[in-house]
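Welcome, and thanks for taking a look at this one with us. Below is a short tour, grouped by topic, to read alongside the structure.

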Amino acid sequence: MTDGVRLREVEGRRSSQETGKAIFAAAALPADPALAEEIAAEKSWRKRYLGPLRRLVEAGTRSSRAAVDVARSGLAELHSRVEIDRGGGLALPEALRTPPAGDLRTEVVSGSASGRPELGIPYRGELLHGDAIRRRLDRWVEDGIIESSCREAVEKVLANPDWLDLSDRRFVLLGAGSEMGALEALSAWGADIVAVDLPEPRLWERTIRIAREGRGTLSVPVRGDRGADLVNAAGADLLQDTPEIAGWLRGFDAPFTVVDDTYADGARFFLVASATDALINDLAAQPGVSLAYLATPTDVFAVPEDVAIATRARRRPGRGIVMRTLSGRSLYKPSYAELIEGEDGRRWGIVDCLVLQQGANYALAKTLQRWRAVAARESGTLVSSNVAPATRTRSVTKNKALAAAYRGASAYGIEIFEPETSRWLMAALLVHDLRNDGGGVPPAGHPFDLFAGGAAHGGIWRLGWEPRSVLPLAVLRGLARRG
C-alpha cells in the first residue's frame, strides 16, 4: 500500500493487535482503571480479548457518563494511532484538512421508476406487505427473534406510508455496495444518494443498475483519468483516497444522513473503520448531519432488565444438564446469571455474543462504530444504530465454522436471515429513526438505549443460554445437516 491509511509505527512495528489493545486500554481507563491495566498487560490479546470487551461494556452500564467517557477516550486513542502516508505520516484528522492530491468529479444517475413508494419485505420466497408484515412481526416477537420496540417502529412506518417518500432526503452511503446496505431501499423510496465505494466495475455495475431502477438520484465519484464508461470510471478507495473523498463530500450541502455500511476482511476492516470514522467526524461538524449504523448481533450488549428476566423463563429445566456436566460447565451456561445495577438504579443484563473466529480486528472495527454513535448522540447529533439479525452474507458464510453454526442455529431458537430480508427490514428501521426523531429534542436515557431499542437480533438476545456455550453444538448440528 502506498500513500494509504496505515497504523502508526511503535517500536519498529505496525501491529493491529497491539494497536487495538492500546485503544481498548485507553477506552477503559476513565471508567475502570484496573481493567485498563489488565488490557495493557495482556500478552495474548488475539486469543483473550473476549472477557475484557465484556467487562468494558459492563463498565459503561454504571452511568451515562461512564459510557460516554469510554467512547470518547477510545476514539481519541484511535486517531492518535492511525495515520495516512502522504509524504510522511499524517494523523487522519489532519490529513482530511490538507489539499487532496487529486480531484473527484461527480456523475449523476437518475432513476426511472414512478409510483408511490411502499414497504415490502422479502421473506422466504414471498414479498410481504401491510398486514402480512404485521403478522410476521408479531410472530417474530412471539418467537423472541426481534424486540417489541422493533415491531412498533416498523408498524409506525406502515401507519405513515408518506414517510417512505424520501425525495426530501439526502444520504451519504459509505460502502454503498454492501450486501447488508440500504442502497436498494433508499433508491426505491426516492432518496438523493451520494455513494462511496471501491473502484471495482462489478460493484458499480450493480450499484448503478439499482439506481436506474429506482426513484431517486445517485451521485457517483469519478476520476477524470478513468475514461468515459461510468462503470469503469466510478469509485474511490477509503484507504487510499481518504482526503480526496473528504473534499468531494464537502461539496454536498447538508442536511444529509451519513450511513456507514463499510466492511472488509481482517485488519483491513479496522483500517477502513478508522478512515470512515475520521470522515464521519469531519462531516458531522456541519449542522443538519445525522448518522446511521448497523450494529452486529455478534457483539457484547447491555440489554434492559426485562429482556434478561423474560429470557430466564424460556430456559427449559434439565436441557443440556448432562452435557453441561461432562463439559466442565462450559456448555449450556445459563444466560444473564446476574444483573448489573447502575448509579441511577437501572439494572442491565449483559449478552455476550462475541465470536472468537471473527477476530479482535472485527470486534474493534464494530466497537469504533458504536463509540462514535454514543459520542455523537451525546453531542446532540441524531443517530440511528439498530442491531441487525445474523444474516447469510458472503463474508460470514465463507467461514466454514460460522456457516455451520448458522445451519444449526434454529435448534436453539435463532433465526438466520437472508440478506434481502435484513436489508429491507433495517431500512424501515432507519426511516423510522429519521422521521420519528422527537422534533430535535435530545434523547433521554442511557446511551446504550441506542442499541437496545428496535433490536432485530434474530433471537440471540433471548437464548436461555450464553451464546458461546451452545455455539460448538450449533456447529456440530450444522455440519451434520450439510452431510
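Let's start with helix α16, residues 360-378: with 19 residues at 1.5 Å each, the helix should span 27 Å, and its end C-alpha atoms are indeed 27 Å apart, so the two values agree. Please keep in mind that this is a predicted model. From α16 we move to its neighbour α5, then to two sheets, and finally to some backbone details.

**Helix α16 and its partner α5**

- Most of α16 is covered, as 18 of its 19 residues are buried.
- Just past the helix, Gly-380 adopts a positive phi of about 95 degrees.
- In general, a pair of packed helices is described by the angle between the axes and the distance between them.
- For helix α5 (residues 64-81) and α16, the axes come within 9 Å and cross at roughly 120 degrees.
- The two helices, α5 and α16, are therefore oblique to each other.
- The crossing of α5 past α16 is left-handed.
- On the α5 side, the residues that meet α16 include Arg-65, Val-68, Arg-72, Leu-75 and His-79.
- On the α16 side, Leu-368, Trp-371, Arg-372 and Glu-378 are among those that meet α5.

**The sheet β1-β2-β3**

- Three strands make up this open sheet, in the order β1-β2-β3, with antiparallel pairing.
- Strands β1 and β3 are at the edges with a single partner strand each, so one side of each has no neighbour in the sheet.
- From one strand to the next, the twist averages 50 degrees.
- Helix α13 (residues 266-283) packs on this sheet and touches β1 and β2, and its direction makes about 115 degrees with that of β1.
- Strand β1 (residues 5-7) pairs with β2 through three bridges in the antiparallel sense.
- Within that pairing, Leu-7 is opposite Val-82, and Arg-6 is opposite Glu-83.
- On its other pairing, β2 is joined to strand β3 (residues 89-91) by three bridges, again antiparallel.
- There, Glu-83 has Ala-91 of β3 as its bridge partner.
- The hairpin of β2 and β3 has three residues between the strands, and Gly-87 in this hairpin takes a positive phi near 65 degrees.
- As a general point, side chains in a regular strand alternate between the two faces of the sheet.
- Are the two faces of strand β2 (residues 82-85) covered or uncovered? Both are covered: Val-82 and Ile-84 on one side are buried, and so are Glu-83 and Asp-85 on the other.

**The sheet β12-β14-β13**

- A second group of three strands forms an open sheet in the order β12-β14-β13, and the pairing is antiparallel.
- The edges are held by β12 (300-304) and β13 (340-341), each with a single partner strand, so one side of each is left free of a neighbour in the sheet.
- Helix α4 (residues 50-60) packs on this sheet, where it touches β12, β13 and β14, and its direction makes about 35 degrees with that of β12.
- Five bridges link β12 to strand β14 (residues 347-352) in the antiparallel sense.
- One of the facing pairs is Pro-304 opposite Trp-348 in β14.

**Backbone details to check**

- As background, most residues other than glycine have a negative phi, and most peptide bonds are trans.
- Which peptide bond is cis? The bond from Ala-254 to Pro-255 is cis, with omega near 10 degrees.
- Pro-255 sits in the loop between α12 (242-249) and β10 (256-260).
- Arg-124 is not a glycine, yet its phi is positive at about 50 degrees.
- The loop between β5 (121-123) and β6 (126-128) holds Arg-124.
- Is Arg-124 buried or exposed? With a relative accessible area of 67%, above the 50% cut-off, Arg-124 is exposed.
- Tyr-336, also a residue other than glycine, has a positive phi near 50 degrees.
- You will find Tyr-336 in the loop between α15 (321-326) and β13, the latter being an edge strand of the sheet with β12 and β14.
- The relative accessibility of Tyr-336 is 4%, under the 20% cut-off, so Tyr-336 counts as buried.

Conventions. Residues are numbered from 1 along each chain as its sequence is written. This is a predicted model: local features need pLDDT of at least 70, side-chain atom pairs count only at pLDDT 80 or more; totals for chains, interfaces and linings use all residues. Side-chain values use heavy atoms; hydrogens and water are left out. Two strands pair if DSSP finds at least two bridges between them. Helices (H or I, at least four residues) and strands (E, at least two) are DSSP runs, numbered from the N terminus. Contact means heavy atoms within 4.5 Å. Axes are lines fitted to C-alpha atoms, for helices over the stretch in contact, and angles run from 0 to 180 degrees between N-to-C directions. The expected span of a helix is 1.5 Å times one less than its number of residues. Buried means under 20% relative accessible area, exposed over 50%, partly exposed in between (1.4 Å probe, protein chains only). Angles under 35 degrees count as roughly parallel, over 145 as roughly antiparallel, 65 to 115 as roughly perpendicular and the rest as oblique. A crossing is left-handed if the near helix is turned anticlockwise from the far one by less than a right angle, and right-handed if clockwise.
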